[in-house]
Amino acid sequence: MLLQITEVDHLEAWEPWATRWDELVQDRPMRSTTWLTEWWEQFRTPHKRLGVLMFEHGKRLVGAAPIYYVFAGGKSPIVRLLGDSGNICTDHTTWFALPDYREAVGIKVARWLLKKHSWQRLHWEYVDVQEPAMAATLAVFRKYGYPVHDAPGESCWSIDLPSDWDDYLSGLS
């Protein structure tokens, strides 16, 4: 599958993608451009550089990899996921992709990072490793002999909420 990759390295370049990005992540507020750009504004430092990857098939946005680079101490950066500062992170981060493109996006992310050759480590916390796009990325790294360490994280509680406030109130005991 031929996917065009664009790397977005500053917020102004991300703005034209915002509507299509939000359509891609649907109703997941912690994956929205509003959440992630605000997160970036709060946690970016001079040692961090945005590197969000956009994947298009034709003119259609079919996937995105919200990453950034941390340059600390050496010339090779640590690659982290947008939403994870190292101290505070958004749970359930992953690559975002339309269902038919998840595996292809995951493979393309891995290949992009392998070609970059200028990172010292990939440090991704609280990712959904079973999610098809992320699982495809990790499979590529394992295939090429890169050590992949995954460990269960803390539990994150979630509940399904009714569609409106009245339904919520009627469901209370």
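Me: Which residues cover the two faces of S6, and are they buried or exposed?
Reply: In this predicted model, Ile-78 and Arg-80 lie on one side of S6 and Val-79 and Leu-81 on the other, and all of them are buried, where buried means under 20% relative accessible area, exposed over 50% and partly exposed in between, with a 1.4 Å probe and protein chains only.

Me: Why two sides?
Reply: In a regular strand the side chains alternate between the two faces of the sheet.

Me: What should I keep in mind about numbering and cut-offs?
Reply: Residues are numbered from 1 along each chain as its sequence is written, and side-chain values use heavy atoms, with hydrogens and water left out. As the model is predicted, local features need pLDDT of at least 70 and side-chain atom pairs count only at pLDDT 80 or more, whereas totals for chains, interfaces and linings use all residues.

Me: Back to S6, which strands does it pair with?
Reply: Strand S6 (residues 78-81) pairs with S8 in the parallel sense over two bridges, and strand S5 (residues 67-70) pairs with S6 in the antiparallel sense over four bridges; two strands count as paired if DSSP finds at least two bridges between them. On the S8 side Val-79 stands opposite Leu-122, while on the S5 side the bridge partner of Tyr-68 is Arg-80.

Me: What's the strand order in that sheet?
Reply: The order is S2-S5-S6-S8, an open sheet of four strands with mixed pairing. Strand S2 (48-50) and strand S8 (121-122) stand at the edges with a single partner strand each, so one side of each is left without a neighbour in the sheet.

Me: How many helices and strands are there in the protein chain?
Reply: The protein chain has six helices and eight strands, taken as DSSP runs numbered from the N terminus, with helices being H or I of at least four residues and strands E of at least two. From the N terminus on, the elements run β-α-α-α-β-β-β-β-β-β-α-β-α-α. The radius of gyration of the chain, taken over C-alpha atoms, is 17 Å, close to the 16 Å that the globule rule (2.2 Å times the number of residues to the power 0.38) gives for 173 residues, so the chain is as compact as a globular protein of that length.

Me: What share of the chain is buried?
Reply: Buried residues make up 39% of the 173 residues in the protein chain.

Me: OK, switching to Ala-65, where does it lie and what does it touch?
Reply: Ala-65 lies in strand S4 (residues 60-65) and, at 0% relative accessibility, counts as buried. Leaving aside neighbours within four places in sequence, Ala-65 is in contact (heavy atoms within 4.5 Å) with Gly-51, Val-52, Leu-53, Phe-55, Trp-95 and Val-109. The C-alpha atoms of Ala-65 and Lys-108, which are 43 residues apart along the chain, are separated by 9.9 Å.

Me: And Thr-33, buried or exposed?
Reply: Thr-33, which has its place in helix H3, counts as buried at 8% relative accessibility. Not counting residues up to four places away in sequence, Thr-33 touches Trp-14, Ala-18, Trp-21, Asp-22 and Glu-38.

Me: What about phi of Gln-26?
Reply: Phi of Gln-26 is near 55°, a positive value in a residue other than glycine. Gln-26 lies in the loop between helix H2 (18-25) and helix H3 (33-43), and at 56% relative accessibility it counts as exposed.
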